[in-house]
Amino acid sequence: MKITMIGTGYVGLVTGTCFAEFGHHITCVDKDTTKIDKLLNGQIPIYEPGLDALVAKNVGEARLSFTSELADAVAGADAVFLAVGTPTSRRGDGYADLTYIYEATKEIAVHLKGYTVIIDKSTVPVGTARQVARIIKEVNPDADFDVASNPEFLREGAAISDFMRPDRVVIGVETARAEAVLRDIYQPLFLQETPIVKTDIETAELTKYAANAFLAAKISFINEIALLCDSIGANVVDLASGIGMDGRIGKKFLHPGPGYGGSCFPKDTLALLRIAQEHGQNLRIVESAVEVNAAQKAMMVKKIRDALGGSEAGKTIACLGLTFKPETDDMRDSPAITILPALAEKGAKIKAHDPQGMKEAKHYLPESMISYVADPYEAAQDADAVILMTEWNQYRALELGKLGKIMNNKVFIDLRNVYRPENLKAQGFTYIGVGRS
Ligand code: UGA
């Protein structure tokens, strides 16, 4: 199959590369010539484990190419995927900004040749695929095409394995022709019996938002329960096992933390609320999930303040991890962006380390506010407390003896519940977790 991927962000680049790995011929197109130049030189603009090797392999085997010229890439393609960004609108109303989708659609429309399926891969509000169809008809009335929706369920940091071994593939189509093209594209997953959920276009679009909103709600639920555990003196980790082993609930996404972040849950929950509002509905559970998430970040500031004896003024804090989750350099909506400035404003001196995210972090947390250091122990030197903000593997087995010796005060605030409290306590640390203090 000849497939064109518009957009080389996380979604476009991972999806395009994995399709090439399936054996399809993929051209990835991006207007950003700097990005394309990097890719042509074998550099990967994002950090995603395993992606560099997979790109190199498929470029080497001539199934994957990069260009900023749309015309040749689109003409004669069996399928064109739209994987451009849909950020929250700058108007601040929670709507997804569809400018890039519609701009790309107009450009594609001119170059279509032969039957082509135009597929929304980006997370887009219900009705977007129909708008895409309308624009194509307007710009190129003779075009022979169908539109479809095929939402992605990839987690940053685990995107390749999520793509290669998905729980399901959702396709929203309205013609048998489009369905056949999508089934051909995903044929390589047939051997591992990946279920394909075939539905209409609107349902597919909404399924993506519902999935992310459900997961966000699950996290907010366990975060609230963790706060209750803190008050009662109960243990949320045992509690999560106790409920998660019930197959109806499921173990995943029951890890309390400093609040969910990233480029998806915060943006998609807000967009879903706007979609619902437009249809005269209140999604109260999703609304609460969003509120609880904001409150969770504020609670973490209080937790840290309390651990420092009621005031962070003049205290030195080591922050381990800055990205919204491990195995990514993505800082978008990371809890660190809310928590650290709140502490710095009140006079805390913050030294931070992150294995991949420090370059990106400097755009959100300037060096005038926090200092960036080369390793976790340098951060902990003379610190009054260590905060484990992101559960990178590198922080899972810190040398506690060494850490204790170089710190000013042995306070360990584990916002990801990575450590066993008893191990820290045995080394003379005050240990504060989330829901198991
Ligand atoms: C999320 C979804 O998991 C993907 O299925 C979806 O495709 C993607 O959004 C998207 O819409 O593109 P992602 O944002 O990469 O993926 O990361 P997650 O692993 O879902 O984590 C999101 C946030 O929730 C992180 O801040 C993480 O630390 C937090 N989290 C996750 C918890 O606090 N507790 C948990 O138990 C799980």
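Student: Before we start, what does it take for a residue to be near a molecule such as the ligand?

Tutor: Glad you asked! This is a predicted model. In it, a residue is near a molecule if one of its heavy atoms lies within 4 Å of it.

Student: Thanks! How many residues surround the ligand, then?

Tutor: The closest are Glu152, Glu156, Lys208, Asn212 and His255. The shell divides into 9 nonpolar, 3 polar and 7 charged residues. In total, the residues that surround the ligand number 19.

Student: Which residue has a side-chain N or O atom 2.6 Å from an oxygen atom of the ligand?

Tutor: Let's begin with the backbone. A polar backbone atom of phenylalanine 153 is 3.4 Å from a ligand oxygen, and a backbone N or O atom of leucine 154 lies 2.9 Å from one. The side-chain atom at 2.6 Å belongs to lysine 208.

Student: How much of the ligand's area does the protein bury?

Tutor: Picture the ligand taken alone, exposing 710 Å². Of that area, the protein buries 92%.

Student: Which helix gives the most residues to the shell around the ligand?

Tutor: Two elements give two or more residues each: helix H9 (201–232) and helix H11 (265–278). The one giving the most, with 3 residues, is H9.

Student: Let's turn to the nonpolar cores. Which helix gives the largest share of the largest core?

Tutor: That core has 40 residues, and Phe19, Phe81, Ile185 and Tyr186 have the most contacts inside it. Phenylalanine 81, for example, is in contact with residues including Ile3, Phe19, Leu182 and Ile185. The largest share, 7 residues, comes from helix H1.

Key. Residues numbered from 1 in each chain as written. Predicted model: local features only at pLDDT ≥ 70, side-chain atom pairs only at ≥ 80, totals over all residues. Heavy atoms only, no water. Core = buried A, V, L, I, M, F, W, Y, C linked by side-chain atoms within 4.5 Å. Buried < 20%, exposed > 50% of the residue type's maximum accessible area, 1.4 Å probe, protein only. Helix = DSSP H or I, 4+ residues; strand = E, 2+ residues; numbered from the N terminus. Contact = heavy atoms within 4.5 Å. Polar contact = N/O pair within 3.5 Å; in protein donor to acceptor, adjacent residues only side chain to side chain. Areas by Shrake-Rupley, 256 points an atom, 1.4 Å probe, with all protein chains shown as cover. Nonpolar A, V, L, I, M, F, W, Y, C, P; charged D, E, K, R; others polar. Lists of a residue's contacts leave out its neighbours within four places in sequence.
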